[in-house]
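This briefing is written for a first-year student. Look at the structure below, then work through the points by topic.

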Amino acid sequence: MLVTDVRPWGGAPSDIETTDGVITAVTPHDPNRARATGSSSRDGAVDGRGRLALPAFADVHCHLDSTRLGLPFRPHTGAPGIWPMVMNDRAHWRDAERSVAEGATHTLGRMISCGTTRVRSYAQIDADCGLERFEGVLAAKEAHADRADVEIIAFPQAGLLREKGVPQLLDAALSSGAAVVGGIDPCTLDRDPVRHLDILFDLAERHQAPVDVHLHEPGTLGVFSADLILERVRALDMAGRVTLSHAYDLGGVDEATTRRLTEEFAALDISMATVAPAQHHSLPLTGLTAAGVRVGLGQDGQRDYWSPYGNGDMLDRTWQLAFTQRFRADELVEHCLAVATRGGAAILDPELPRLTSVTDRPGLAPGDRADLLLVDGETPTSAVMDRGTDRTVLHDGHVVAEGLTLAD
Ligand SMILES: [Zn+2]
């Protein structure tokens, strides 16, 4: 495959050659060569038309099992707090106008068409739904197997201990296609953090699976949970295998704690997944990058019973990350793109190097996987502001979407 006349990360017009799904050469754009090769993807070539080339997005925190994208809009009925939200979702999810598999497949398709080719999605597993929602997400993963890589997190949204049989259900999901073990608020939800985390890390050890913990806990309580997690990562030698999702209050305690956690996360290669929330005292993004902590971005729920936000477009969420970080400088807005693309990819594949600094723009060099997003825009920063629709998405060197529509 030859992708002609694109500007990698906003640089000079270039041609990108790919073989077997890997970028093999990036050379200055040669108009003659493009004409000789042909200009449609059927001829083994994509005419970039001077658009930007970026690595495709990696959404490392979404909930494909709860999405209502593509269905009629429903007014929000949830009440604040995790447990009331769980109960609100439980009261409604079965009334959707389609199956979980149909909803997850639709939303995943929309994510791909907007430029995301790597996904880590939760599948809620609890006493109410059993494995039904997990199986729906699994069906979506299979439906789009040629268009995106999807990892499923077996996720005890309603806790591991509050209702009977949840650890056994997680165990079953991990034996039938879930790749990651999920945990949530060990103190505030299950109110027994040691037992919660021991079950979680025991499942991780038995299935050789990475761990992802939703941490919404405030201030010192969140730090307490994080320290219990650090203890287990050390004891079980799980460096590079644990992600903290949200963790939006860990930076709100004091400067020494912020510094200590950042250093320990870097040392044990604990990664962070953010959904760019409005209100937060997260560990500072630029500080995490400087220390070498992997950070990825996700959309969280997408127009579901939890919230009306999220539309499948990670370029929108990249804008939100830049906005909530109060970034204005181009270098920092572009850093948000690096986090949303290669940052997340490096969480899903720990073999990929960490971002080295806020100016690191990886993912488009020979040897990198040919998962690309071509998008109209003068510069990467202007593309984040304008969020154009003239997009072409490649996965493993094949065009999987064009103009926000999935390719055949
Ligand atoms: Zn979430």
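In which strand does histidine 246 lie? Histidine 246 belongs to strand β11, which covers residues 242-246. The model is a predicted one, and the points below cover two histidines, a tryptophan, a threonine, the nonpolar cores and two helix pairs.

**Histidines 246 and 214**

- Histidine 246 has a relative accessibility of 9%, under the 20% limit, so histidine 246 counts as buried.
- Although histidine 246 is not a glycine, its phi is positive, at about 65 degrees.
- Most residues other than glycine have a negative phi.
- Histidine 214 is found in strand β10, residues 211-215.
- With 2% relative accessibility, histidine 214 also counts as buried because the limit is 20%.
- Along the chain, histidine 214 and histidine 246 are 32 residues apart, while their C-alpha atoms are separated by 6.3 Å.
- Leaving aside residues up to four places away in sequence, histidine 214 touches His61, His63, Tyr122, Phe155, Gly183, Ile184, Asp185, Ser245 and His246.

**Tryptophan 9**

- Tryptophan 9 sits in the loop between β1 (2-8) and β2 (14-19).
- Its phi is positive, about 50 degrees, although tryptophan 9 is not a glycine.
- The relative accessible area of tryptophan 9 is 11%, so this residue is buried.

**Nonpolar cores**

- The largest nonpolar core holds 94 residues.
- The residues with the most contacts inside this core are Phe134, Phe201, Leu244, Leu250, Phe265 and Met272.
- A second core, separate from the largest, has 6 residues, among them Tyr122, Phe155, Ile184 and Leu189.
- Tyr122, Phe155 and Ile184 are also among the residues that histidine 214 touches.
- Which residues does phenylalanine 134 touch, not counting those up to four places away in sequence? Phenylalanine 134 touches Ala123, Gln124, Ile125, Ile152, Ala173, Ser176, Gly177 and Ala178.

**Helices α3 and α4**

- Two packed helices are described by the angle between their axes and the distance between the axes.
- Helix α3 (residues 100-114) packs with helix α4 (residues 132-143) at an angle of about 40 degrees, and their axes are 8 Å apart.
- At this angle α3 and α4 are oblique to each other, because only angles under 35 degrees count as roughly parallel and roughly perpendicular runs from 65 to 115.
- The crossing of α3 and α4 is right-handed.
- On the α3 side the contact is made by Val100, Ala101, Ala104, Thr105 and Leu108.
- On the α4 side the contact is made by Arg133, Gly136, Val137, Ala139, Ala140, Lys141 and Ala143.
- Sorted by class, the residues of this contact are 8 nonpolar, 2 polar and 2 charged.

**Helices α7 and α8**

- Helix α7 (residues 219-235) and helix α8 (residues 255-267) have axes 12 Å apart and pack at an angle of about 25 degrees.
- The angle is under 35 degrees, so α7 is roughly parallel to α8.
- The two helices, α7 and α8, make a left-handed crossing.
- Helix α7 contributes Val223, Ala226, Asp227, Leu230 and Arg234 to the contact, and helix α8 contributes Thr257, Arg260, Leu261, Glu264 and Phe265.
- This contact of α7 with α8 consists of 5 nonpolar, 1 polar and 4 charged residues.
- Is threonine 257, in helix α8, buried or exposed? Its relative accessibility is 12%, so threonine 257 counts as buried.
- Between the C-alpha atoms of threonine 257 and valine 242 there are 20 Å in space, and the two residues are 15 residues apart in sequence.

Terms used
Residues are numbered from 1 along each chain as its sequence is written. This is a predicted model: local features need pLDDT of at least 70, side-chain atom pairs count only at pLDDT 80 or more; totals for chains, interfaces and linings use all residues. Side-chain values use heavy atoms; hydrogens and water are left out. Axes are lines fitted to C-alpha atoms, for helices over the stretch in contact, and angles run from 0 to 180 degrees between N-to-C directions. Helices (H or I, at least four residues) and strands (E, at least two) are DSSP runs, numbered from the N terminus. Angles under 35 degrees count as roughly parallel, over 145 as roughly antiparallel, 65 to 115 as roughly perpendicular and the rest as oblique. A crossing is left-handed if the near helix is turned anticlockwise from the far one by less than a right angle, and right-handed if clockwise. Contact means heavy atoms within 4.5 Å. Ala, Val, Leu, Ile, Met, Phe, Trp, Tyr, Cys and Pro count as nonpolar, Asp, Glu, Lys and Arg as charged, and the others, Gly among them, as polar. A nonpolar core is a set of buried Ala, Val, Leu, Ile, Met, Phe, Trp, Tyr and Cys residues joined through side-chain atoms within 4.5 Å. Buried means under 20% relative accessible area, exposed over 50%, partly exposed in between (1.4 Å probe, protein chains only).
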